[in-house]
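Here's a quick briefing on how the side chains in this fold talk to each other. Have a look at the model first, then go through the notes below.

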Amino acid sequence: MGDKFQVITEFVKTRNYKLLEERLHADFLMIREEGLVTKDEFVSYLSGDLVGDNSIILLDYKCLLENEDSLIWRDIFDVPDVGQRIFTTSYDTFKDGLVWRSMLNKK
């Protein structure tokens, strides 16, 4: 496991949003089915999903590929308020050592 996925692992364990924000490029964008998400929107979206009575329950996550420019990882989580189990694959590209673009595929 490399440094890029280690940051994911640390965030999952600590929910340290400052760490997350520090690792996102100023021009960060996430591509989702619902549209483009900016850096601030992404942090807000995560905090909404990870905090409170209806927060998601992370079951597993693993690194599929990590190199100098990319990180591909998969996670599985339950969404209690809608009774769904979701599998996601995330592809992150890096610029200046920070996450610059992220694309998320949900099943």
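Setting aside neighbours within four places in sequence, leucine 59 touches Ile76, Phe77, Asp78 and Arg85. This is a predicted model, so read each contact as part of a prediction. Two of those partners, aspartate 78 and arginine 85, turn up again as a salt bridge, and the rest of the briefing covers charged pairs, the nonpolar core, a surface patch and the aromatic rings.

**Leucines in strand S3**

- Leucine 59 sits in strand S3, and with a relative accessible area of 42% it's partly exposed.
- Going by C-alpha atoms, leucine 59 is 20 Å from lysine 4, a residue 55 places away along the chain.
- Leucine 65 belongs to strand S3 too, and its relative accessible area of 38% makes it partly exposed.
- What does leucine 65 contact once neighbours within four places in sequence are left aside? Ser70, Leu71 and Ile72 are its partners.
- The C-alpha atoms of leucine 65 and glutamine 6 are 13 Å apart, with their positions 59 residues apart along the chain.

**Salt bridges**

- How many salt bridges does the structure hold? There are three.
- Arginine 85 pairs with aspartate 78, and their closest N and O atoms are 2.7 Å apart.
- Arginine 85 has a relative accessible area of 47%, so it lands in the partly exposed class.
- Arginine 23 bridges to aspartate 3, with 3.0 Å between the closest N and O atoms.
- That pair ties together distant parts of the chain, 20 residues apart: arginine 23 lies in the loop between helix H2 (17-22) and strand S1 (24-32), while aspartate 3 is in helix H1 (residues 3-14).
- Are the two ends of this bridge buried or exposed? Arginine 23 is partly exposed at 24% relative accessible area, and aspartate 3 is exposed at 53%.
- Lysine 18 and glutamate 22 make a salt bridge as well, at 3.3 Å from N to O.
- Lysine 18 and glutamate 22 are about one helical turn apart, because they're separated by four residues in helix H2.
- Lysine 18 is exposed, with 57% relative accessibility, whereas glutamate 22 is partly exposed at 46%.

**Nonpolar core**

- The largest nonpolar core is made up of 17 residues.
- Which of its residues have the most contacts inside it? Those are Leu20, Leu24 and Phe42.
- H1, H2, S1, helix H3 (39-50), strand S4 (70-79) and strand S6 (98-106) each put at least two residues into this core.
- Apart from neighbours within four places in sequence, leucine 20 is in contact with Phe11, Phe42, Val43 and Leu46.

**Nonpolar patch on the surface**

- Ile31, Leu36, Tyr91 and Met103 make a nonpolar surface patch of about 370 Å².
- One of these, tyrosine 91, is found in strand S5 (residues 84-95).
- Tyrosine 91 counts as partly exposed, with 32% relative accessibility.

**Aromatic rings**

- The structure holds four aromatic pairs.
- One of them joins phenylalanine 5 and tyrosine 61 in a tilted arrangement, with 5.9 Å from centre to centre and 45 degrees between the planes.
- This pair also links distant parts of the chain, since phenylalanine 5 is in helix H1 and tyrosine 61 is in strand S3 (residues 57-66), 56 residues apart.
- Phenylalanine 5 is buried at 4% relative accessibility, while tyrosine 61 is partly exposed at 22%.
- Phenylalanine 11 and tyrosine 17 pair edge-to-face, because their planes meet at 80 degrees, with ring centres 5.2 Å apart.
- Both of those rings belong to buried residues: phenylalanine 11 has 8% relative accessibility and tyrosine 17 has 18%.
- Which residues form one aromatic cluster? Phe5, Tyr61 and Trp73 do.

Methods
Residues numbered from 1 in each chain as written. Predicted model: local features only at pLDDT ≥ 70, side-chain atom pairs only at ≥ 80, totals over all residues. Heavy atoms only, no water. Salt bridge = Lys/Arg side-chain N within 4 Å of Asp/Glu carboxyl O. Buried < 20%, exposed > 50% of the residue type's maximum accessible area, 1.4 Å probe, protein only. Core = buried A, V, L, I, M, F, W, Y, C linked by side-chain atoms within 4.5 Å. Contact = heavy atoms within 4.5 Å. Patch = residues over 30% accessible without salt bridge, like charges linked within 9 Å, V, L, I, M, F, W, Y side chains within 5 Å. Areas by Shrake-Rupley, 256 points an atom, 1.4 Å probe, with all protein chains shown as cover. Phe/Tyr/Trp six-rings, centres within 6.5 Å; stacked < 30°, edge-to-face > 60°.
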